[in-house]
Amino acid sequence: MKKNRFLSLFILLILIMLAGNRQTNAQQVVSGLLLPKVEQLNKGNLSKQDLQQLANELERIALAHPKDWHAQYYAAYTYIELANHSPKKEIDNLCDRADEFLKKAMLVRPDESENYVLKAYLLSARINVNAMFRGASMGRESKEQLDLALRRNPNNPRAHYVRAMGIYYTPAAFGGGKKKAKAHLDASLTAYRQYPAVSVMDPDWGRQALEKLLATY
Amino acid sequence: MRHILISILLLIATSQSAVFAQTLIHGQIKDRLGKPLSGANVFIKGSIEGSSSDEEGYFSFETSIAGDTVLIARHISMIDLEVPIRIVANMPALSLRMEEKTNLVSEVVVVADQGMVLLDGSRATTLRTMDVETTAGGDGDVVGALQTLPGVQQIGNNGALFVRGGSSEEAKTLIDGLEITHPYYSGIPDIAQKSRFSPHLFEGITFNTGGYSALYGDALSSVLALTSRDHPTHTSTVLALMLYGVKAGHDYVSPERRTSFGVDLGYSDFGPYFGWIGHRTQWLEAPVNQTANANFRQNIGENGLLKWYGYGNLSDQKALTTDFDAAENESSLRVKNSNAVSLLTYTHKLNEHWRIYAGHGYNDNRDLIERPAFSSAIRERQHQWRLHLSGKISDRLAVNTGSDVYLNQWDHRTQLLYSHPTQKNMPAILDNQRWDVWMDASYRPLRNLIAQLGLRSAWNAALRDDILIMPRLSLTYQAGRNAFSASAGNYAQQPAAQYLYNSRVLEHAAVTHYLLNFQRKNFGRTLRVEAYYKDYKDLMQTIPVLNAGGSGYARGVDLFWRDQVAAEGLDYWISYSYLDTERQYLDYPIQTRPTFAAPHTLHLVAKQFIEPIGVFVGGSYSMATGRPYYDPLSSSFLSDRTPAFHQINLNFAVLRKWGKTFNTFVFAVNNFTGRQQIFDYRISPDGMQKIAVELPYKRGFLVGWFISIGKDRSDEILSQLP
């Protein structure tokens with residue numbers, strides 16, 4: 001009997017461990033799925049086909065794991081990158097898709113600074129469809145999103161970069177320009193340098209593109 | 001003991017993903033027309049097992065899932081597809097078809113708030129503030145820009161809208177669902193007057209040239225529905241300096257964006273400007289204008305929005321004009337006007353699908369017209385109450401219903417200045433009321449098909465006819481980017497106020513519209529072709545006695561092509577209108593083409609924005625064939641034609657942002673070539689004198705500097721031209 005009680009306890013323990021394991025398992029499964037994609041994204045230099053492929057893969061992960069912030073975030077990010085590599089007539093549809101996942105990311109982590117940066121980045125992609133009509137209103141909206149991002153994390157280097165990039169591409173006549181952007185680009189590089197190393201899964205984009213912009217001076 | 005261990009092992013085994021047999025799922029994915037779709041995401045619902053389709057639309061992936069499940073296909077420009085499938089060994093190739101996302105038909109069902117209605121969205125033309133401001137020759141005027149669209153006649157000596165063979169009275173202007181009785185400035189005859197309202201007040205400009213729904217009444221030819229702006233995003237100040245006047249405005253918005261208000265004040269004196277451009281009119285006192293605009297918006301609770309808009313304008317002008325009755329063939333004419341408008345609306349969201357709107361509109365217009373021999377004082381007032389309930393009963397059925405009640409007071413007094421003292425002129429005073437009740441249902445029996453049925457009833461105390469019932473019907477079918485629609489409907493309108501004093505002699509003027517429309521919208525490109533037939537009856541006639549026996553018809557074709565993506569920053573459109581119309585009304589002795597109808601009208605409008613240097617260049621060319629004019633010596637009535645009209649307009653703007661100010665410098669030339677433009681002739685009763693009614697200047701120049709302080713108005717690139 002004593003043996004039996006011990007055995008029951010043992011089984012119970014195993015069951016508890018298994019149950020706990022299942023939870024972390026789910027996260028590990030998602031991380032395991034996401035990690036190669038994230039590494040691929042961070043490596044950069046992706047063609048439109050690569051991005052389309054990645055967007056679809058991340059979309060499947062995001063749809064299957066709606067509570068996983070990283071999955072939603074990267075699905076949205078990849079669609080925006082794809083929009084940046086696509087002809088104007090596809091941009092809005094791609095951005096709508098990005099918005100779908102970004103909204104879910106915001107539900108999972110409402111206070112995440114990166115969400116707002118991504119929203120601003122998305123708007124800057126949409127401006128490209130028709131800068132004349134959209135520049136002023138969406139540019140303003142984009143800036144508001146960056147303010148929200150910086151309020152949550154004043155050191156977020158991506159928030160600084162997206163702002164600097166916006167200024168870089170805004171014509172001097174409208175208060176932007178290459179010359180004016182220089183100081184902002186330098187400041188965002190400093191922000192990247194000072195930003196503590198993030199975990200492999202956390203957002204880590206923008207620095208390469210920033211360096212490319214800086215190389216044009 | 002042993003089977004406990006076995007069960008543990010089993011438990012562990014099942015908690016890990018077991019290796020099952022893999023099944024290959026493959027096939028091809030295409031759109032409706034059989035074109036392969038690349039980049040589609042094909043996967044099993046709830047799993048990550050799937051793949052992307054290649055350039056030829058082929059996809060394939062292996063799955064461990066078996067049995068009944070759902071396959072999903074997603075593509076950015078297609079509607080998501082879900083197909084139930086049963087996964088078995090050796091799956092045959094799947095053939096999937098996806099439907100294109102549509103926007104036209106969905107627009108038809110959307111019922112927007114603030115009394116603005118997109119129900120006619122598939123046929124009506126919508127313009128943005130920017131479109132208005134950047135149209136060369138439009139002079140920053142909503143109506144000026146609309147005149148470059150098909151269906152609108154080019155009448156150079158009148159600024160109002162003449163649509164598809166209809167006179168200017170047949171075109172109605174509404175703001176937030178409420179009628180504006182005097183949408184144009186008052187002025188001396190034969191000089192085109194602008195519309196009173198700046199395009200900056202509106203976020204939606206919807207122009208409907210026929211076949212409109214039951215929501216609109218008392219308009220035979222067209223409805224211009226303007227929707228005022230919501231809360232601005234920032235507090236801002238604007239200043240405008242023009243050759244003939246100044247304008248200043250301030251918008252305030254509370255930090256939570258629940259309250260906002262704005263005021264705009266303007267003063268203009270055209271004297272020095274008219275001197276500079278060599279205006280041909282013999283001004284005794286060039287027009288002087290004082291204008292005030294005010295608005296207020298307040299959120300009420302979570303679901304209510306109260307809006308008020310107020311407008312006031314005073315203008316005065318005096319000129320020597322042709323008058324064959326006067327001894328000198330010329331006599332002075334003074335036109336003094338005051339106009340006030342108040343629009344109060346409240347919109348409440350009852351729930352996700354239902355909305356209620358209540359509005360009160362008040363218009364008060366006074367004209368004082370002074371000739372040497374007499375003076376007339378005319379005051380016209382209108383109160384309008386409008387109720388509108390809109391909502392969705394199901395995804396297939398949307399309903400709009402409401403009523404309009406109008407109270408009018410008209411007061412016309414003429415004073416003969418040299419009459420015998422015993423000869424007193426009685427004032428003509430009339431109080432009138434009108435009641436309209438309407439309802440409209442949009443039903444969607446198929447995904448691509450929408451049927452809209454409306455009924456509007458109208459009753460007018462001053463008219464002889466009983467309650468009018470006007471059915472309106474339209475069918476829209478959408479196939480991909482193409483939409484076809486057919487519509488027909490009855491429309492009625494009361495005759496002009498000055499004819500209603502002889503109580504209950506007249507009837508509503510009536511017209512039946514028949515339309516066929518084809519529209520193709522493809523990212524940044526729009527093609528629209530519309531053929532119409534209009535059958536007019538009960539038009540007012542003034543000979544031999546006042547009666548409602550006039551009739552007529554109008555038929556034609558409108559073509560519109562717009563391309564906003566041909567080149568970076570380029571936007572152009574081409575519009576062509578063919579019009580065949582005749583009518584017998586007013587004092588026309590026979591049925592004939594009226595003075596405001598030209599068979600062919602063409603417009604080319606192009607705009608190029610050179611973003612890197614912040615410069616905007618635009619141009620337009622307009623052509624219209626000759627229109628009839630009255631020659632008393634002519635053998636048949638209105639058989640003579642004016643020369644054709646050709647005009648080139650140019651505009652140019654430089655945009656600069658300095659610190660917190662956004663500056664726009666505008667330079668525009670109207671009638672660039674200086675061509676003589678003859679719109680009409682005035683001929684003395686004996687036929688001895690013939691005076692051409694011309695464009696009153698050789699070239700019109702506009703120069704302006706517009707400054708926005710604060711950010712909100714920076715999207716008002718090319719700010720308000722006159």
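1. A good place to start looking is Phe43(B), whose bridge partner in S3(B) is Gly50(B). Keep in mind as you go that this is a predicted model.

2. That bridge belongs to a wider pairing. Strand S2 of chain B covers residues 41–44, and three bridges join S2(B) to S3(B) in the antiparallel sense. Zooming out, you will find an open sheet of four strands in chain B, ordered S3-S2-S5-S6, with antiparallel pairing. Strand S3 (50–52) and strand S6 (81–87) of chain B are the edge strands, each pairing on one side only. On average, and ignoring direction, neighbouring strands of this sheet are turned by 20 degrees against each other.

3. Next, have a look at the nonpolar cores. The largest has 74 residues, and Leu146(B) and Leu161(B) have the most contacts inside it. If you set aside neighbours within four places in sequence, Leu146(B) is in contact with Val152(B), Leu161(B) and Phe207(B). Another core, of 56 residues, lies apart from that one; Ala76(A), Ile91(A), Tyr121(A) and Leu123(A) are among its members.

4. Finally, turn to two helices of chain A. Helix H3 (residues 69–84) and helix H5 (residues 113–127) of chain A have axes that come within 10 Å and cross at roughly 20 degrees. Angles under 35 degrees count as roughly parallel, so that description fits H3(A) and H5(A). The crossing of H3(A) past H5(A) is left-handed.

5. Which residues of H3(A) and H5(A) meet? From H3(A) come Tyr73(A), Ala76(A), Tyr77(A), Ile80(A), Ala83(A) and Asn84(A), and they meet Glu114(A), Leu118(A), Tyr121(A), Leu122(A) and Ala125(A) of H5(A). Ala76(A) and Tyr121(A) may look familiar: both are among the residues of the 56-residue core.

Conventions. Residues numbered from 1 in each chain as written. Chains lettered and ligands numbered in written order. Predicted model: local features only at pLDDT ≥ 70, side-chain atom pairs only at ≥ 80, totals over all residues. Core = buried A, V, L, I, M, F, W, Y, C linked by C-beta atoms within 7 Å. Buried ≥ 20, exposed ≤ 12 C-beta atoms within 10 Å, placed from the backbone. Contact = placed C-beta atoms within 7 Å. Pairing = 2+ DSSP bridges. Axes fitted to C-alpha atoms, helices over the stretch in contact; angles between N-to-C directions. Parallel < 35°, antiparallel > 145°, perpendicular 65-115°, else oblique. Left-handed = near helix turned anticlockwise from the far one by under 90°.
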